[in-house]
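Me: I'm new to this one and would like to learn how to read it. Could you walk me through it, feature by feature?

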Amino acid sequence: MSTARTLATAARVLRQLRHDPRSIALMLLVPCVMLFLLRYVFDADPATFDGIGASLLGIFPLITMFLVTSIATLRERTSGTLERLLAMPLGKGDLIAGYALAFGLVATVQSVLATALALWGLGLDVVGSPWLLLLVALLDALLGTALGLFVSAFASSEFQAVQFMPAVIFPQLLLCGLFAPRDTMQPVLEAVSNVLPMSYAVDAMNEVRAYADPTGDFVRDVLVVGGCAVLVLVLGAATLRRRTA
Amino acid sequence: MMNKSDAAAVRARGLTVVRGGRTVLRDLDFSVHTGRVTGLLGPSGCGKSTLMRSVVGTQARVEGTLRVLGRPAGDSALRSRIGYVTQAPSVYDDLTVRQNLDYFAAVLTPGRAAREERREAVARVLDDVALTSHTDVLAGRLSGGQRSRVSLAVALLGTPELLVLDEPTVGLDPVLRRDLWDLFHRLAAERGTTLLVSSHVMDEAERCHHLILMREGGVLAEDTPEELRRSTGSETVEAAFLHLVDAADAREGTTRDGLPAPADAPRKDTR
């Protein structure tokens, strides 16, 4: 690993993004618009908005970063630039850390905007610290980046990569406790939801919403999400091969 | 630095590559001489790209002996000493020419201290490939020939000892093709760079110091253009190549792999 190469890679990814202002606008604005919509969908029932809104603050960064990373790494694979980079003195860790850093930065801006809008613009009722909300959102973004990187190895076109979103994200979305509390699900589904990382992301958000100080459950949830992200990043690194058939 | 008895930058013995159950390269022996321009010629699909990928170290399942710059091919110490240009230009379409070169230069010579060195290297390679007037254009907006020159410029960064170029002149107009071949010779003469250049255009063969003629995953002949023309009594390398193909066909009879034997062929039959 080399810090200079990691930073150069992150700067390059951000520079690529800068040439695509429409993508930046979509990444930053769509979560805000969704929260805004949701607030007025539940106009008569602010308590429901509190529940779903906090969960969504954790889910948006995961989905956005999953999509962005899977497409970006797939492009890197299909354009031949990945092969070129791996034939150069660049560590796989440098490349992955560079991507994680660049998209992490975008995710930070996205989360700050969405959290600020939800808390102060839409009156989302959260007992805990906004900083904790932001921490969970960032870990979720990292998890999304990791999943996207991993999945891109199994897609041979951008068309396939997009199809992985419903396959990887939707089941987690259904089972994470957003639609029904996890302990009220059919026991098999509850067991499945216990091993999906998004469940812990949503649980962590709900802990922040309900308690003023970080609870033991919150710490566990954060560790699970962070641990999953690191694990999947390592798996993703293993899919980058210097030699290919 | 170099062993006197070994003036070969690349030396292959019994090089074999199996790809998807098919033998793409079969028991190849060849050498690429240091500081010379070696042409790798043969029809499309004969295994040129696989051979180049093996030399660069990106090809999986390579068998036999393959030594590159005194080390086994694919050795991590070789990564900064070899420049490789794939057939399809591999650059970032959503970055400008300069941003592409800046990034790859930072991968090759990272760090703040090397900033000036990188700036010089980028200016030098832009000049080498005659793209100085296009530095701030997005690579995706360039023409096909310009994009492949950006790809070549990336390979020239860091002054590699060995340049492996896969069909670098495809789709270029005659003037640019001539300029690029002049550049290849300049690199060999002035910087002592070893070049391995593939092409399926036979008239480019005349501009190489040394030739490796390939056909169907094997080396058909390996010599200087003059010697190939002389030994086959041909006017051009193209005629020499065709002469060698016919001779090989006659020698092998009609039992070439993968092709059905013609009706009049004596069949060594399966029971």
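Me: Which strands does helix α1 of chain B lie across?
Reply: Before anything else, keep in mind that this is a predicted model. For a helix packed on strands, look for what it crosses and at what angle. Here, helix α1 (residues 48-56) of chain B lies across β1, β2 and β4 of chain B. Its direction makes an angle of about 60° with β2(B).

Me: In what order do the four strands of that open sheet in chain B come?
Reply: Sheet order needn't follow numbering, so trace the pairings instead. In chain B the order is β2-β1-β4-β5, with antiparallel pairing. At the edges you'll find β2 (22-33) and β5 (71-72) of chain B, each with pairing on one side only.

Me: How many bridges hold β1 and β4 of chain B together?
Reply: Six bridges, in the antiparallel sense, between β1 (residues 8-19) and β4 (residues 62-68) of chain B. If you want a spot to put your finger on, find Arg13(B): across from it in β4(B) is Thr65(B).

Me: What about strands that run parallel? Which strand pairs that way with β6(B)?
Reply: Try β7 (residues 162-165) of chain B, which is parallel to β6(B) and joined to it by four bridges. Tyr84(B) has Val164(B) in β7(B) as its bridge partner. You can then step onward, since β7(B) also pairs in parallel with β8(B), again over four bridges. There, Leu165(B) sits opposite Val197(B) of β8(B). Next comes β3 (residues 37-41) of chain B, parallel to β8(B) and linked to it by five bridges. In that pairing Leu40(B) faces Ser198(B) in β8(B).

Me: Are the residues of β8(B) buried or exposed?
Reply: Start with the general idea: side chains in a regular strand alternate between the two faces of the sheet. So you check each face in turn. Strand β8 (residues 194-199) of chain B is mostly covered, with six of its six residues buried. One way point Thr194(B), Leu196(B) and Ser198(B), and the other way point Leu195(B), Val197(B) and Ser199(B). β6(B) is covered on both faces too: Ile82(B) and Tyr84(B) are buried on one side, Gly83(B) and Val85(B) on the other.

Me: Let's switch to chain A. How many helices and strands does it have?
Reply: Count the elements, then ask how they fold up together. Chain A has 11 helices and zero strands. Its radius of gyration is 18 Å, close to the 18 Å that the globule rule gives for 245 residues, so chain A is as compact as a globular protein of that length. The C-alpha trace spans about 55 × 40 × 35 Å along its principal axes. Of the 245 residues in chain A, 52% are buried. You can also look at how far apart in sequence the touching residues are. Among contacts in chain A with a separation of 6 or more, 77% involve residues 24 or more positions apart.

Me: And its outside? What share of the accessible surface of chain A belongs to carbon and sulfur atoms?
Reply: That share is 70%, out of an accessible surface of about 10800 Å².

Me: Now salt bridges. Which parts of chain A does the pair Arg12(A) and Glu76(A) tie together?
Reply: With a salt bridge, ask three things: who pairs, where each partner sits, and how covered each one is. The side chains of Arg12(A) and Glu76(A) meet at 3.2 Å, N to O. Arg12(A) is in helix α1 (residues 3-18) and Glu76(A) in helix α3 (residues 46-78) of chain A, so the pair ties together parts 64 residues apart in sequence. Both count as buried: Arg12(A) has a relative accessible area of 1%, and Glu76(A) has 2%.

Me: Which residue of chain A does Asp94(B) form a salt bridge with?
Reply: Arg75(A), with the closest N and O atoms 3.3 Å apart. Asp94(B) lies in the loop between β6 (82-85) and α2 (97-108) of chain B, while Arg75(A) lies in helix α3 of chain A, so this pair joins two chains. Arg75(A) is partly exposed, at 41% relative accessibility. Follow the links a step further and you get a network of salt bridges made of Arg75(A), Glu158(A) and Asp94(B).

Me: How many salt bridges are there over all chains?
Reply: The count is 20. One to try yourself is Asp75(B) with Arg71(B), where the closest N and O atoms are 3.8 Å apart. Asp75(B) is partly exposed at 23%, and Arg71(B) is partly exposed at 34%.

Key. Residues numbered from 1 in each chain as written. Chains lettered and ligands numbered in written order. Predicted model: local features only at pLDDT ≥ 70, side-chain atom pairs only at ≥ 80, totals over all residues. Heavy atoms only, no water. Pairing = 2+ DSSP bridges. Contact = heavy atoms within 4.5 Å. Axes fitted to C-alpha atoms, helices over the stretch in contact; angles between N-to-C directions. Rg over C-alpha atoms; globule rule 2.2 N^0.38 Å. Buried < 20%, exposed > 50% of the residue type's maximum accessible area, 1.4 Å probe, protein only. Areas by Shrake-Rupley, 256 points an atom, 1.4 Å probe, with all protein chains shown as cover. Salt bridge = Lys/Arg side-chain N within 4 Å of Asp/Glu carboxyl O.
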